[in-house]
Structure formats: structure tokens, C-alpha cells
Amino acid sequence: MVSWLSRRSRRLPTRAALSLALALALAGCKTAPVEPVDAAPSPQARAEPAPLANLPAIANAAAGTSEGPDATPWPEPLRSDQRMAPDLPREPAMRDQVGRDAARDSRDLAGYELQAVLHAGEGPAQPKAPEVNTAAIDAARRKTEARLAIEISQSRARFVLSGAFVLPQATELRARIDRYGHLLLWPDEATYRVAGPGALRALLGERRLDVAPLSRARLASGGDGVRRLNARTRRVDVSTRAATGSLEIASMREAGDGGTLVCRFLLDLMGAPPSTPACATDEVPLHAELRWTTQGGLTFDVTSIVRRLDLAAQDLAAPPPSLAFVLAPPPQVPAETLLARTELAAFRTAPVEVPPAALRDAQEPPPDTGLTLVNYGDELRIAWIDGVPAAWIAPGARLALPSIVRGRYAVQGRTFLGDAWDPPETVVAPATIEVGGGRTP
């Protein structure tokens, strides 16, 4: 081999000869590692080229960082124009007292079930008169309270809406810890839509999926919060361009990152980046007060929380395998009542003949019966009657409430989020009422 190498080296440059000799020496070394034939391919061999637009960087630009707290890549923002692979939630197995993984049915997940309410202020109180049915009005107010039934596992969350939302009853929002944004499940449809980060304000307030710009959030510790549901809380103050907020957060055993998804829901309403670290692992927000920089505010209150070991995995899948992705916007409806005709009629025990108010300039004449609501503004409005959210009207739409009994009523138009409203006024039914005209107090 030496004589061959000598002859070979005379035909090669000196540096190449040395490289060849070194390679032959290493090849004969018995301790050199050998890659097995069936070794798994490198992850880099399957890596896809990075997209031209770095979406995670865009979503987290306001946070000022490029990595998560554990030096892992940030979750990927959902895109409204792309479907997702079917989801099958799998949570870490629970460990028994000796540290072994306890057997669990893969169809069930551990977590918590929360009942929560959203309040956006109070409408004008009903007039004081003998014919005013206070009991019926109070019952209607309880029925139309905006409620959220929330299920959280260690990495998934499900929000089911009921009450005085402008979205249909049983509308669902689903979220997962490795994605930013929410999936919108429209009732009576086997479909889902994507509500990207920053879309919740338009969705809850206007039935649209418009994405609002996010701004950097500032966090500050507020010390100990109020004790809620027999749990101690810590207070976190958050401020953005759109709102200031105070969150009261409790530690919940083995809640995982499910509570973080509830925090993201609230932060999205504030226009804060979803990466804002307001909640830590095993923490759940139990109360939040949001104040808009324009006017008004929104309050989030958890009224009950229950530990669950049997959450159905298919109910938390985001998205469920059985649903199809749709790109179309949510179905648009011009107006809708939030109470039945009989419930509205029960606001008064009997009709009262009251002289009608004089018509203002360009005001429409009254209908034969009830109230007719007209929205000449550019925002969806909820019509509060006697302090109860009774109906909502989209811009340019009108809605007749013929079951309203003759008499005086307190009426006001408000946005769902409570960030804009019309001056309250006392009207005499029958009447045509304008809401959403851009007037503010």
C-alpha cells in the first residue's frame, strides 16, 4: 500500500495526497462509529423550506421575542385561508403514587369545566309605574345573560356560547396550545372556520372574522387578588392600545396549559399578542375587568369550576375529524330577537294609553303596534329595553317587535362589548326607534 501511495502521491498535489492518506487511515480504524443501515433519517431530511413570510414572527413581533419561555419555537398562528389536519387530543398520562403511568381511557381527558359570564355594563332601568312587570323583566335579564361554558384539558379548550350573544346559541370556539387563534364551529353546520389572532372583537361584536391589529402588551403584578371560588388569586395588570385590564388568576392542580387558553381568549379581546405571558402552567383566570381606551368595558366572571376526569376527547378536538373547513364568512342575518314574543309582552301587565311623543325632524312615523328598531349607523347594535338586551340589529337593518304592549319603555342601543352606546331615551310604544346613529353620551 505504501508503494502505491507513493506513486499516487507523485501524481497529486501535496495537500490532496495528505488528505487521501488521512482518509485511508481513518477507514482502517476499528473504533470509528458506523451508522446502521436501518437508521432513522435525519429530521432535516424531512424539513420543509421556511415560508417567505414568517407568520410566527409576525404574530409575536409585539412580544419582542422570537422564542418561547422554554426556548422552543412559538406556536403557529392559524390562517383563515388554510385548513388544518384533523386533531386527536392526547394528554400526558397521569402518574400513580409510585411514579408509574396510570392506565386511562384514551377517549377521556382530565381537566376542568367552568361556567362563566360576560357583562358589558347595564342598560337603562325600567320606568317606575304600576303596570311594569318587574318579575318578568328580571327573568328576561337572567335568560339573556351572556354565558360561556368552558372545558379545558392540559392543552385544549372549548368555549360554548349562550344567552345575549349576537352569535347563534351553542356557537363554539375551540383552541389548542400549539396554535394561536380559535376555530369557530357554527351550530347546525358540519364545518369550521378559522378566527385568527385578533379576530374575537369583530366576531363577538359584529359576527365577522375581521382581524384587528395587535399591539405590545405591558404586564405588571398587582399583588394578591380577591379569593374566588375558595381559591387564592394573584392579580396581573395588562395594558394595550385598545384596553387596560386586570386579571385575577388562580392556581389549579393539573390544569396544564388549558387555563392559558382562557387567558388568550381575554387577551385577544384586548388586542394583545397571544404570546403575552399573563398566565402560567396550571393557572386559570377566574375574573377579569377590561376597560376600553374609548369608553366602557367588559367583565369576565367564572361562577363555578369543577374538576373533571372524563372530558370527551372529540369535544376538544381542534378541529374534529368529522368537520369540513370552509373559507366563507359566517352567515349574515340582518337582525334577531333575543327574547320570545310572549316574554317581551310580559314586560307590562296591561297596556296603558299614553299620549305619543312628538315626532322629531325626519323621524319615521310609528307602527300600528309595538316597537320598530332601525339601525342607521355603521356598527351592529343590541337594543336594551328596560335594562334587558332584547334584540340586535345590523347596520342598515330594521326589526319589528309587535308584541311590545302600549306604554312607556326605556330604550338604549349598545355594542355587545360595551365600547359604544346611544343615549338612553324613554319612548312611548307604538314607536319607531333609531339605534346606532353614531351618537354618544
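Okay, let's start with the whole protein: of its 441 residues, 46% count as buried. Keep in mind that what you have in front of you is a predicted model. In terms of secondary structure, the protein has eight helices and 22 strands. And if you take the contacts between residues at least 6 apart in sequence, 66% of them join residues at least 24 apart.

Right, on to the sheets. One open sheet is built from 12 strands, and if you walk across the sheet you meet E9-E10-E11-E12-E13-E2-E3-E4-E5-E7-E8-E14, with mixed pairing. At the edges you find strand E9, residues 218-224, and strand E14, residues 324-325, and each of them pairs on one side only.

Let's zoom in on one pair inside that sheet. Strand E5, residues 172-176, and strand E7, residues 182-185, are antiparallel and share three bridges. If you want a spot to click on, try Arg174, whose bridge partner in E7 is Leu183.

Now, what lies across these strands? Helix H6, residues 258-269, does, and the strands it lies across are E3, E4, E5, E7, E10, E11, E12 and E13. Against E12, the helix runs at about 5 degrees.

A nice residue to look at here is Phe159, which sits in strand E4. Is Phe159 buried or exposed? It counts as buried, because its relative accessibility is 0%. Leaving aside neighbours within four places in sequence, Phe159 is in contact with nine residues you can pick out: Ala149, Ile150, Thr171, Glu172, Leu173, His182, Leu261, Val262 and Phe265. Take that last one, Phe265: along the chain it is 106 residues from Phe159, yet the two C-alpha atoms are separated by 9.6 Å.

Staying with H6, let's talk about empty space. How many cavities of 30 Å³ or more does the structure hold? There are three. The largest has about 60 Å³ of space in it. Its lining is made of Ala175, Arg176, Arg179, Tyr180, Gly181, His182, Pro197, Leu261, Arg264, Asp268 and Pro274. E5, strand E6 (179-180) and H6 each give at least two residues to that lining, and the largest share, three residues, comes from H6. By the way, two names come back here: His182 and Leu261 are part of this lining, and both also touch Phe159.

Okay, second sheet. This one is open as well, with five strands in the order E15-E18-E17-E20-E21 and antiparallel pairing. Strand E15 (335-337) and strand E21 (425-429) have a single partner strand each, so one side of each is left without a neighbour in the sheet. On average, neighbouring strands in this sheet are turned by 35 degrees against each other, direction ignored.

Within it, look at E17, residues 381-385, and E18, residues 388-393: they run antiparallel and five bridges join them. Ala383, for instance, stands opposite Ala391 in E18.

Last stop: Asn375, in strand E16, residues 371-375. This residue is buried, with a relative accessible area of 0%. So where does a polar side chain like that go? The side chain of Asn375 reaches the backbone oxygen of Ile393 at 3.0 Å. Beyond its neighbours within four places in sequence, Asn375 also has contacts that include Leu380, Arg381, Ala394, Pro395, Val435 and Gly436.

That's the tour, thanks everyone!

Key: Residues numbered from 1 in each chain as written. Predicted model: local features only at pLDDT ≥ 70, side-chain atom pairs only at ≥ 80, totals over all residues. Heavy atoms only, no water. Pairing = 2+ DSSP bridges. Helix = DSSP H or I, 4+ residues; strand = E, 2+ residues; numbered from the N terminus. Axes fitted to C-alpha atoms, helices over the stretch in contact; angles between N-to-C directions. Buried < 20%, exposed > 50% of the residue type's maximum accessible area, 1.4 Å probe, protein only. Polar contact = N/O pair within 3.5 Å; in protein donor to acceptor, adjacent residues only side chain to side chain. Contact = heavy atoms within 4.5 Å. 1 Å grid on protein atoms, 1.4 Å probe; cavity = no way out; pocket = protein on both sides within 12 Å on 5 of 7 lines; lining within 4 Å. Points joined across faces, edges and corners; volume = space filled by probe spheres on them.
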